[in-house]
Amino acid sequence: MAFNDLLLQVGGVGRFQKIQLILLTLPLLLTFLHNTLQNFTAAIPTHHCRPPANTNLSEDGDLEAWLPRDGQGQPESCLLFSSPQRGPPFPNGTETNGTGATEPCPHGWIYDNSTFPSTIVTEWDLVCTRKTLLQLSQSIFMAGILVGSLMSGIMADRLGHLKVLTWSYLLLVVSGTCAAFALNFSAYCVCRFLLGMAVSGASSSSMILNLEWLPIHARPSLGLLLGFVPTLGQLSLAGMAYALPHWRHLQLLVSLPLFVTFVYSRFFVESALWHSSLGNLDLTLKALQRVAQINGKQKEGAKLSVELLQMSLQKSQAQPSMLQMLRSPALRQLFFCITPLWFVLLFSLYGVVMSLQSFEINIYLAQVFFTIVDPPFYFLGFLATKSLGRKRTQTASVLLSGVFIVTCAMIPLDRIFLRITMAVIGKGCLIGSMNCLFMYMGELYPTVMRQRGVNVTNCLANIGSILSPLVGMTSDLYPSLPLFIYGGVLVAACPITAPLPETLGLPLPNTLQDLERRWKEKSGQKQQEQQMVPLQSS
């Protein structure tokens, strides 16, 4: 009797699984919002230099007399005339010829508060020479996710997924609330780093707890559900940000409600599979019997015993060591294909979704456009993996996403509708590619190291999400340069999929030997095809 049989005996997908699935999934709607929250809390409103405090504008003329104009006749955001400049009107509508001496905003800035009454930009003047600090704060958050994924994995192995989940939600509430009351930018960045750690720990622990309490036949449905959770959350973020345009209020709204989750998370049941992996069969028995009681299967739960669990659960194959895994050529090749591909996808995805303001449309509409595209492409990718296979779908989706994003970068900035259309389609292809790769990854890694392989791959690939905001700084050189980079790396990454084998319709590899056998069969087929080509030509 395997562990899946034990789950079926105590109720399968019963009342316990349904309640836990709901209570663990609902908080993720808020948890994932922190990833893109800075699109609104760090929005950059229109701004210009503030004239000297002792200036009498009514006497010295209009405010425009202090503001130089750019080539398009718009006020410069980061320059101020040293003294007011007056002159006759010019054809472009300006009132000055711009020949006066200028200086870089010595008295601060005046912001247009019509859309965003308060953001971290307006509060700490993160504009002009300090503009790069915005990308730095997002990279710090992504670095927190990387550190959190490493620490939560280690702590979950020792303390259990439930304790990591509970403390992650507490950290989410505390760090999110502290970020809302941060007095300076440095304190805000520290809170964002801790938020990243908490987001990683809460999301991974929630997924694993749900996964390990579900029978095998119900796990694909969990993947489908978790694919829609970020989409629903991002759609709600646009509405919440519109209703609460003050950044501190919005920060509190996505943080404080998770205190309720922290309270009730203490009553979840720890994974019986984790207890058994440590040899604590008595705790495994208690967990299974408690689940059986909640599911109304008390009689089936009473039939379980430590002796039965000992016979059922201690027959699993020992996991290979890291040294054994590194010695496997097939595993090395697999790892060095999957990791760069996942890196590129995260790099480009976060680069595109965190640059909503660069498309110069209403940011709330942009958030909706970039979110509603996810479900159609999610289903298209799912259907493509069933008909074309994982490998072809992966290659095509990566290539198309890169092509559409590069096309968006090539379109003139004044063609707003066309640019946003290309970007939205490119982002949809990215979503389809990521969902395909997530499924593909689970089918490529063997069972004995699937969880470790996926975790290590995700940790290293998260470096891409850390570097992505930093690339946004290149927009000062050329506005569309970041999009060229995000799309270009996707196109360049297409050949990475060439060595990967197709997994459609094949059983999951259980051991390293199964993986090596599959790669040898793929290499043999390739050599056979190469030998047949000259025969056909002759």
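Begin by selecting Cys494, which is buried, with a relative accessible area of 11%, and bear in mind throughout the tour that this is a predicted model. Then move to Cys429, which is likewise buried, here with a relative accessible area of 7%.

Next, turn to the disulfides, of which a search of the whole structure finds 2. When the bonded cysteines are counted along the chain, their pairing follows the pattern 1-3, 2-4.

Select Cys49 and Cys105 together, and display the disulfide that joins them, with an S to S distance of 1.7 Å. Looking along this link, you will find it left-handed, with -55° about the S-S bond. Colouring by secondary structure helps to place the two ends: Cys49 belongs to strand S1 (residues 47-49), whereas Cys105 sits in the loop between strand S3 (102-103) and strand S4 (109-111), and the pair links distant parts of the chain, 56 residues apart. If you add a surface, note that Cys49 and Cys105 are both buried.

Now select Cys78 and Cys128, the partners of another disulfide, where the S to S distance is 2.0 Å. Cys78 is found in the loop between helix H4 (57-60) and strand S2 (80-81), and Cys128 in the loop between helix H5 (120-124) and helix H6 (132-159), so this disulfide ties together parts that lie 50 residues apart in sequence. The link of Cys78 and Cys128 is left-handed, with -95° about the S-S bond.

Finish on Cys78 alone: is this residue buried or partly exposed? Because buried requires a relative accessible area under 20%, Cys78, at 28% relative accessibility, counts as partly exposed.

Definitions and conventions:
Residues are numbered from 1 along each chain as its sequence is written. This is a predicted model: local features need pLDDT of at least 70, side-chain atom pairs count only at pLDDT 80 or more; totals for chains, interfaces and linings use all residues. Side-chain values use heavy atoms; hydrogens and water are left out. A disulfide is a pair of cysteine sulfur atoms within 2.5 Å. Helices (H or I, at least four residues) and strands (E, at least two) are DSSP runs, numbered from the N terminus. Buried means under 20% relative accessible area, exposed over 50%, partly exposed in between (1.4 Å probe, protein chains only).
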